Amino acid sequence: MEPTNHPIEGYSAESDTFYRPIDIHTKADHRARCYMVPNLRGSSVVRRFPEIKERGWRYYGRYDAIQFRVNRDIRLLGIRLYVGEGKSRAKASLYRPINDNEKNAEEVAKIYDDDFIHDSRCILAIPFPEPALIRANEWHTISAWINGTASDYGINGKHNVTAGGVAFDFRNSSLPDENYTTADMGQIPELYFLKAEEYEEKIKDNVYGRVAARQAQIDKRVQEYKGENASREDQIQIMRTEMDQLKSALDNALEKLAGIELTNRDQIKSTSDTNTKVEKALADYKQSSEMKYPEQEARINDLENNYKRLRQMVGRSGNEPE
């Protein structure tokens with residue numbers, strides 16, 4: 001199979017990422033997962049292989065590893081790995097051999113340990129959790145264990161590459177159980193880095209930038225709070241006005257109720273006085289009637305007695321009154 005030229009890489013300031021354009025091996029919907037390397041604004045990339053071959057790189061539970069050194073201090077930010085389609089698992093670590101002996105190496109950073117799924121072959125971007133300090137002229141080993149389907153791989157690898165003002169040297173790893181990656185071919189095609197002094201400047205700028213951004217957020221929140229406070233004051237004033245109106249309406253209602261109560265009391269008092277007068281009149285009439293009745297009865301009796309006496313007198317004279 002003919003080798004495929006490595007596509008040109010690019011940088012997206014909009015998403016703050018480096019990316020590799022889609023090539024014939026990938027689908028557009030996997031660009032974000034396979035081709036994005038986050039948080040690498042302004043970083044440099046060193047590429048080991050000028051060409052790649054499709055498929056053909058198989059994994060048998062062994063490690064792919066490569067050694068490298070640099071001519072000046074750098075911060076290693078991330079790497080990329082070829083991965084096949086379907087479900088895979090990858091582990092990657094960075095080691096520093098002690099006394100140039102890989103069998104007696106110190107693990108500098110555990111880079112990656114996770115499962116992933118891709119519908120097509122691609123180059124998986126793996127940013128480091130924390131940038132690793134690489135001292136000048138010290139050999140380091142990048143080791144990657146991949147369990148998955150066959151992937152692409154690089155060929156015609158360069159042993160010496162200069163990128164971003166830093167000279168890289170690559171050589172074969174002597175780790176046991178190695179999966180045939182060498183300086184000439186295989187895995188771990190790319191490394192992302194910054195010069196140590198550039199990294200420090202970016203960290204400083206980033207800190208200042210974060211402080212400024214945080215201050216801007218605080219200022220914005222203060223303005224929002226002032227606006228919310230002013231709105232609350234307006235609402236409180238409206239509520240106070242409504243409460244005053246309700247209080248005034250309640251006072252008017254109580255005043256009217258008091259007037260109605262006084263009127264009712266006057267009416268009740270007037271009715272009571274009238275009743276008292278009627279009762280007194282009735283009592284007076286009753287008393288008057290009771291007093292007059294005996295007098296009339298006595299007069300009638302007197303009249304009857306006088307009439308009887310007159311008849312007696314007439315009878316004696318022999319003449320009846322007609």
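These exercises work through the fold, the salt bridges, the aromatic residues and the surface of the structure above.

This is a predicted model, where local features need pLDDT of at least 70 and side-chain atom pairs count only at pLDDT 80 or more, while totals for chains, interfaces and linings use all residues. Residues are numbered from 1 along each chain as its sequence is written, and side-chain values use heavy atoms, with hydrogens and water left out.

**Exercise 1. Describe the protein as a whole.**

Step 1. Take the secondary structure. The protein has 2 helices and 16 strands. Both kinds of element are DSSP runs numbered from the N terminus: helices are H or I with at least four residues, strands are E with at least two.

Step 2. Take burial. Of the 322 residues, 33% are buried. Buried means under 20% relative accessible area, exposed means over 50%, and partly exposed lies in between (1.4 Å probe, protein chains only).

Step 3. Take the contacts, defined as heavy atoms within 4.5 Å. Among contacts with a separation of 6 or more, 81% join residues 24 or more positions apart.

Step 4. Take the surface. The accessible area is about 20700 Å², and carbon and sulfur atoms hold 51% of this. Accessible areas come from the Shrake-Rupley method with a 1.4 Å probe; for residues, only the protein chains shown count as cover.

**Exercise 2. Trace the salt bridges of Arg121, Asp73 and Arg96.**

Step 1. Recall the principle. Side chains of opposite charge can pair when their charged atoms come close. The cut-off here is a side-chain nitrogen of Lys or Arg within 4 Å of a carboxyl oxygen of Asp or Glu. The structure holds 12 salt bridges.

Step 2. Start with Arg121. Its side chain meets that of Glu54 at 3.9 Å, N to O. Arg121 lies in the loop between strand 10 and strand 11 (122–134), and Glu54 in strand 6, so the pair ties together parts 67 residues apart in sequence. Arg121 is buried because its relative accessible area is 7%. Glu54, Arg121 and Asp152 are linked in a network of salt bridges.

Step 3. Go on to Asp73. Its side chain meets Arg135 at 3.0 Å, N to O. Asp73 is in the loop between strand 7 (63–70) and strand 8 (74–83), and Arg135 is in the loop between strand 11 and strand 12 (140–147), so the bridge ties together parts 62 residues apart in sequence. Asp73 is partly exposed at 26% relative accessible area. Arg135 is partly exposed too, at 40%.

Step 4. Finish with Arg96. Its salt bridge to Glu106 spans 2.8 Å, N to O. Arg96 is in strand 9 (residues 86–98) and Glu106 in strand 10, 10 residues apart. Arg96 counts as partly exposed because its relative accessibility is 24%. Glu106 is partly exposed at 38%.

**Exercise 3. Place Glu107 in its surroundings.**

Step 1. Locate Glu107: strand 10 (residues 101–118).

Step 2. Classify its exposure. At 37% relative accessibility, Glu107 is partly exposed.

Step 3. List its contacts. Neighbours within four places in sequence aside, Glu107 touches Ser93, Leu94 and Tyr95.

Step 4. Check Pro97. Glu107 and Pro97 are 10 residues apart in sequence and 8.6 Å apart in space, C-alpha to C-alpha.

**Exercise 4. Work through the aromatic rings.**

Step 1. Set the rule. Rings of Phe, Tyr and Trp (its six-membered ring) pair if their centres lie within 6.5 Å; planes under 30 degrees apart are stacked, over 60 edge-to-face, and the rest tilted. The count is 4 aromatic pairs.

Step 2. Examine Trp57 and Tyr153. They form a tilted pair, 5.2 Å centre to centre with 35° between the planes. Trp57 is in strand 6 (residues 51–57) and Tyr153 in strand 13 (residues 151–155), 96 residues apart. Both residues are buried.

Step 3. Find the cluster. Phe68, Phe168, Phe170 and Phe193 form one aromatic cluster.

Step 4. Add the charges. A charge sits over a ring if NZ of Lys or CZ of Arg is within 6 Å of the ring centre and within 35 degrees of the ring normal. The charged end of Arg48 sits over Phe170, 5.6 Å from the ring centre. Lys91 lies over the face of Trp145, at 5.3 Å from the ring centre.

**Exercise 5. Compare the settings of the positive phi values at Arg55 and Tyr180.**

Step 1. Take Arg55. Its phi is near 50°, a positive value in a residue other than glycine. Arg55 is in strand 6. It is partly exposed, with 41% relative accessible area.

Step 2. Take Tyr180. Its phi is near 75°, also positive in a residue other than glycine. Tyr180 is in the loop between strand 15 (166–172) and strand 16 (190–195). At 55% relative accessibility, Tyr180 counts as exposed.
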